[in-house]
Amino acid sequence: MSAGQRPGQAANPGHVAIIMDGNGRWAQMRGLPRQEGHRRGLEALRAAVRNAGELGVRILTLYSFSTENWRRPATEVSFLLGLLKRFVEKDLGELHAAGVRVRIIGGRDDLAPDIHRLVEHAETVTRDNTRMTLVVAFNYGSRDEIVRAARQLATDAAAGRIDAAAIDEAMLASRLDTADLPDPELVIRTSGETRISNFLLWQAAYAEFVFTPVLWPDFDRAAFEEALAEYRRRERRFGGLSEPADRAAGAA
């Protein structure tokens, strides 16, 4: 516990997850095409990774492309995939040199071969890095993730590899895409929307949520620091009681 920190008061989060929202609205407000909003959003992504490392965040998870995003117009989907390719091709070397491990979560079976190779390459090159972990949720939907985990357990139970009656929370969590990662303590959503859009439904069960009106392309260091400050103002009780309530209960 840091000096001056109250019992139960949150310290800085080690794992922050961000729903990056508002690229399209940012562009529309400026009379620009949506593609320009996505380009500026990529710049904000780069800044968020840099700021997270400087602010002591050990794991940063970014919701970059959901399973539902495939429903967007084909031209926009193609543009977003192109941005992903450029990000990996341009930034992977810098991330690797900075000691950042890259993890990609989301379904992979139906990805185009070139995207699949890109994902595998990014993870392979950086897998031994330990300074920070950047988790990119790509082709990701939490319901899909949970269904895939449940299907694996059902297959193993049917084959006799596990006892169905022994399946518990820990066993299911071990089959999720994030099995090697701790749960996020803080989830941030930009653009003023107050929903989580099928993102980390299992993992965020006890996360704190900060919803900021800042559109993603404008999410700078000051906005990041304000979200972290809001997190530190929260009390993390995990279903328990705060210290004053504990004392009152004891006195009774």
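A nonpolar core is a set of buried Ala, Val, Leu, Ile, Met, Phe, Trp, Tyr and Cys residues joined through side-chain atoms within 4.5 Å. With that in hand, here are some close-up views of this predicted model.

**View 1. The largest nonpolar core of the model has 46 residues.** Val16, Ile18, Leu60, Leu134, Phe138 and Phe224 are the members that touch the most others in this core. Helix H3, which covers residues 74-97, supplies the largest share, with 10 residues. As background, nonpolar side chains tend to be buried together in soluble globular proteins. A second core, separate from this one, has 14 residues, among them Leu181, Val187, Leu200 and Ala204.

**View 2. Phe224 and the residues around it.** Start at Phe224, one of the core members that touch the most others. Leaving out residues up to four places away in sequence, Phe224 touches Val16, Ile18, Ala48, Asn51 and Ala52, and also Leu55, Val57, Leu60, Ile188 and Phe219. Val16, Ile18 and Leu60 may look familiar, since they were named with Phe224 in the first view.

**View 3. His38 in helix H2.** Helix H2 spans residues 34-54, and His38 is found within it. Is His38 buried or exposed? Its relative accessible area is 6%, so His38 counts as buried. Neighbours within four places in sequence aside, His38 is in contact with Asn23, Arg72, Glu76, Phe79, Leu80 and Leu83. Phe79 has another partner to look for: the charged end of Arg86 sits over the Phe79 ring, 6.0 Å from the ring centre.

**View 4. Tyr63 and Tyr140, an edge-to-face aromatic pair.** Eight aromatic pairs turn up in a search of the whole structure. In the pair shown here, Tyr63 and Tyr140 have their ring centres 6.0 Å apart, with 80° between the planes. The pair joins distant parts of the chain, as Tyr63 lies in strand E2 (residues 59-66) and Tyr140 in strand E4, 77 residues apart. Both Tyr63 and Tyr140 are buried. Together with Phe199, these two tyrosines form one aromatic cluster.

**View 5. Phe209 and Phe211, a stacked pair.** The ring centres of Phe209 and Phe211 are 6.1 Å apart and the planes meet at 15°, so this pair is stacked. Phe209 is partly exposed because its relative accessible area is 23%. Phe211 is partly exposed too, at 34%.

**View 6. Asn139 and Ser197, with positive phi values.** Which value does phi take in Asn139? It is near 50°, a positive value in a residue other than glycine. Asn139 is found in strand E4, which runs over residues 132-140, and is buried, with a relative accessible area of 11%. Phi of Ser197 is also near 50°, again positive in a residue other than glycine. Ser197 lies in the loop between strand E5 (186-189) and strand E6 (208-211). With a relative accessible area of 30%, Ser197 is partly exposed.

**View 7. Confidence along the chain, and the stretch of residues 1-7.** For the protein chain as a whole, the mean pLDDT is 90, and 90% of the residues reach 70 or more. Over residues 1-7, however, the pLDDT is below 50. In the model, this stretch has eight contacts beyond near neighbours in sequence.

How values were computed:
Residues numbered from 1 in each chain as written. Heavy atoms only, no water. Helix = DSSP H or I, 4+ residues; strand = E, 2+ residues; numbered from the N terminus. Buried < 20%, exposed > 50% of the residue type's maximum accessible area, 1.4 Å probe, protein only. Contact = heavy atoms within 4.5 Å. pLDDT = per-residue confidence, 0-100. Phe/Tyr/Trp six-rings, centres within 6.5 Å; stacked < 30°, edge-to-face > 60°. Lys NZ or Arg CZ within 6 Å of the ring centre and 35° of its normal.
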